[in-house]
Amino acid sequence: MPEQRPLLLAVPNVSEGRNADAIEAIAASFAPARLLDVHSDPDHGRSVITLAAPQGELAGALLAGARAAVTSIDLSRHAGIHPHVGAIDVAPVVFLDEAARGAATAEALTAAALIGDRLDMPVLLYGELATAAERSERADLRAGGTERLARRLASGELTPDYGPALVDPRIGAVLVTARPPLVAFNVDLQTDGVEVARRLAAELRESGGGPPGVRAIGLFLPARGRAQVSLNVHDPRAAPLAELVERVAAQAEIAELELVGLAPAAALEGLPNDVPLRGFDPERHVIENALRSAQS
């Protein structure tokens, strides 16, 4: 009996959050990967797409979806507040256990090479695959947006890992890695005071003395008329979501919570029952349940 290939996830983020037809077409283009979820936000100007596929199929699927994204999205017309450097901004391949780490790494590197070569687009590796310490953080690569990254590449300050050093301003660049699951999580406040959200984000960030693995920004959401603390929690065991929510609630009234994409069941334990979790469906948004459905 042939050895079963490990099942991997990918969570490409594309810089379109308003055009429903374009988002639907881009999401469908990641076939043959199984589409598990699409989370779009018009204020962020971003869609987070969650895919599943066995090793050997995911890299080609990411190339196909990236091609659709760069065909549909023109960054010169982009509207949205989320930091970004590309039409397909990040394309992480996710391994669910340590046994699949090597498979995820191989698939991510293959996808990066294909996108750089076939789409003539700069690709930079970040996180665990970063080829230099200063490339490890997404935020450092995104700082200043597409224009600053283009200048850094053109000057030779940065060299792409794949693809050209010249950035087409319509499509930008893409950041690629392999990683374990993280949790993208938003806390909407009952205030429009973005300075409150920014202060809270600064306190929660690992770089500001917060829990390990927490990245956070404070934003104002025009469509909802609220401020938001937007979090990436790299290790929800080390930084439980319930504790992060409790820290926010101690300083500001919370309107609702929002999970972006999927999360492990354990990460959601202990969240307050009296605060709404926007659009949450446990069958779709808990990784274990979504994968059970995908494999049935």
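This passage walks through the strands, the helices and the largest pocket of a predicted model.

Strand β4 is a good place to start. It spans residues 46-54, and 8 of its 9 residues are buried, so β4 is largely enclosed by the rest of the structure. Strands of a sheet pair through backbone hydrogen bonds, and they can do so either parallel or antiparallel. With β3 (residues 34-41), β4 pairs in the antiparallel sense over 7 bridges. One of the matched pairs here is aspartate 41 with arginine 46. These two strands make a hairpin with 4 residues between them, and glycine 45, which sits in the turn, has a positive phi of about 65°.

Strand β4 has other partners too. Strand β1 (residues 7-10) runs antiparallel to β4 and is joined to it by 4 bridges, with leucine 8 standing opposite alanine 53. The short run β2 (residues 13-14) is also antiparallel to β4, this time through 2 bridges. In that pairing, asparagine 13 has valine 48 as its bridge partner.

Next comes β5, which covers residues 88-94. Here 7 of the 7 residues are buried, so β5, like β4, is largely enclosed by the rest of the structure. Strands β1 and β2 turn up again in this part of the model. β1 pairs with β5 in the antiparallel sense over 2 bridges, and leucine 9 is matched with valine 94. β2 is likewise antiparallel to β5, with 2 bridges joining them. Asparagine 13, already met as the partner of valine 48 in β4, stands opposite valine 90 in β5. Strand β7 (residues 174-179) pairs with β5 in the parallel sense, over 5 bridges. Valine 94 takes part in this pairing as well, and its bridge partner in β7 is arginine 179.

Further along the chain there is an open sheet of 4 strands, in the order β9-β10-β8-β11, with antiparallel pairing. β9 and β11 (254-260) stand at the edges with a single partner strand each, so one side of each has no neighbour in the sheet. From one strand to the next, the twist averages 20°. Between β8 and β11 there are 6 bridges, and one of the matched pairs is phenylalanine 185 with leucine 259.

Two helices lie across strands of this sheet. Helix α6 (residues 194-204) lies across β8, β9 and β10 and runs at about 175° to β9. Helix α7 (residues 241-249) lies across β8, β9, β10 and β11, and its angle to β8 is about 20°. The loop between β10 and α7 holds arginine 237. Unlike the buried residues of β5, arginine 237 is exposed, with a relative accessible area of 73%. Its C-alpha is 7.1 Å from that of alanine 267, although the two are 30 residues apart in sequence.

That leaves the empty space. Rolling a probe the size of a water molecule over the atoms shows where such space is left. The largest pocket has a volume of about 860 Å³ and is lined by 41 residues. His82, Arg138, Arg142, Leu231 and Asn232 are the lining residues nearest its centre. Several elements described above, including β3, β4, β5, β8, β9 and β10, each supply at least two residues of the lining, and so does helix α4 (138-142). By type, the lining divides into 21 nonpolar, 10 polar and 10 charged residues.

Conventions. Residues numbered from 1 in each chain as written. Predicted model: local features only at pLDDT ≥ 70, side-chain atom pairs only at ≥ 80, totals over all residues. Heavy atoms only, no water. Buried < 20%, exposed > 50% of the residue type's maximum accessible area, 1.4 Å probe, protein only. Pairing = 2+ DSSP bridges. 1 Å grid on protein atoms, 1.4 Å probe; cavity = no way out; pocket = protein on both sides within 12 Å on 5 of 7 lines; lining within 4 Å. Points joined across faces, edges and corners; volume = space filled by probe spheres on them. Nonpolar A, V, L, I, M, F, W, Y, C, P; charged D, E, K, R; others polar. Axes fitted to C-alpha atoms, helices over the stretch in contact; angles between N-to-C directions. Contact = heavy atoms within 4.5 Å.
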